[in-house]
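User: I am new to reading protein models. Please take me through this one by question and answer.

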Amino acid sequence: MAQVKIVTDSTAMLTPEEAAEFDVKIVPLSITIDGTSYQDGVTLSRVEFMDKMAEAKNLPQTSQPALGYFTEVYESIMAADPETQIISIHLTKGLSGTADAARQAALMVEGDITTLDSEFIDARKDSKFWQLRSWLRPALRKKQFWLKSNAFVITRNCI
């Protein structure tokens, strides 16, 4: 069975510890507050975001990651193991171009890359990102999951 890697964007709200534990690659969205741009979760933490919001003169603006950022992430994963299957799950295309950028990048990189529109905007408990968290824990610990029809299928003994 091929190795599976998960790629998502910063709206998944995974902690750095969760991302490291499950080897999830996170592509940050850009956030602009009062003319200053930051990378979500990289150059601006959630606490810093809230602090800056409290002082901001204008509402923040977000921007999807650049296509090249996705291609770099996908290419680095495929370079390490060309047999890897990448599942890339992103913020709903109804609000952002992130899922479309991920899809376009996947078409530019050779390999087994499936992109999914989460159809949600964040990691609240009813979202697919929250489901992803609950699925990742047992499945990645046992390395027993695979992709079928654009949905995660977890073996019963993982849950």
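User: How many aromatic pairs does a search of the whole structure find?
Analyst: This is a predicted model. The search covers the whole structure. The number of aromatic pairs found is one.

User: Are the planes of the F70 and Y74 rings stacked, edge-to-face or tilted?
Analyst: The ring centres of F70 and Y74 are 6.1 Å apart, and their planes stand at 35°. Planes under 30 degrees apart would count as stacked, and those over 60 as edge-to-face. The angle of 35° fits neither class, so the pair is tilted.

User: Which helix holds both F70 and Y74?
Analyst: The two residues are four apart, about one turn of the helix. Both F70 and Y74 lie in α3.

User: Which residues of α4 does α3 meet?
Analyst: On the α3 side, the contact uses L67, F70, T71 and Y74. F70 and Y74 are also the two residues of the tilted ring pair. Their partners in α4 are T98, A101, A102, Q104, A105, A106 and M108.

User: How many residues of the contact of α3 with α4 are charged?
Analyst: The contact residues divide into three classes. Eight are nonpolar and three are polar. The charged count is no residues.

User: How are α3 and α4 placed, parallel, perpendicular or oblique to each other?
Analyst: Helix α3 covers residues 67-80, and helix α4 covers residues 98-108. Their axes come within 8 Å and cross at roughly 50°. Roughly parallel needs an angle under 35 degrees, and roughly perpendicular needs 65 to 115. The two helices are therefore oblique.

User: Is the crossing of α3 and α4 left-handed or right-handed?
Analyst: Handedness depends on which way the near helix is turned from the far one; clockwise counts as right-handed. The crossing of α3 past α4 is right-handed.

User: Which strands are the edges of the parallel sheet?
Analyst: Four strands form this open sheet, in the order β2-β1-β6-β7. The twist averages 20° from one strand to the next. An edge strand pairs on one side only. The edges are β2 (25-27) and β7 (112-117).

User: Which residue in β6 stands opposite I6?
Analyst: Strands β1 (residues 4-9) and β6 (residues 85-90) run parallel, joined by five bridges. Opposite I6 in β6 stands I87.

User: At about what angle does α4 run to β7?
Analyst: Helix α4 lies across β1, β6 and β7. For its part, α3 lies across β1, β2, β6 and β7, at about 155° to β6. The angle of α4 to β7 is about 165°.

User: What is the bridge partner of I31 in β4?
Analyst: The antiparallel open sheet has three strands, in the order β4-β3-β5. Its edges are β4 (36-39) and β5 (61-63). Strand β3 (residues 30-33) pairs with β4 over four bridges. The partner of I31 is Y38.

Methods:
Residues numbered from 1 in each chain as written. Predicted model: local features only at pLDDT ≥ 70, side-chain atom pairs only at ≥ 80, totals over all residues. Heavy atoms only, no water. Axes fitted to C-alpha atoms, helices over the stretch in contact; angles between N-to-C directions. Parallel < 35°, antiparallel > 145°, perpendicular 65-115°, else oblique. Contact = heavy atoms within 4.5 Å. Nonpolar A, V, L, I, M, F, W, Y, C, P; charged D, E, K, R; others polar. Pairing = 2+ DSSP bridges. Phe/Tyr/Trp six-rings, centres within 6.5 Å; stacked < 30°, edge-to-face > 60°.
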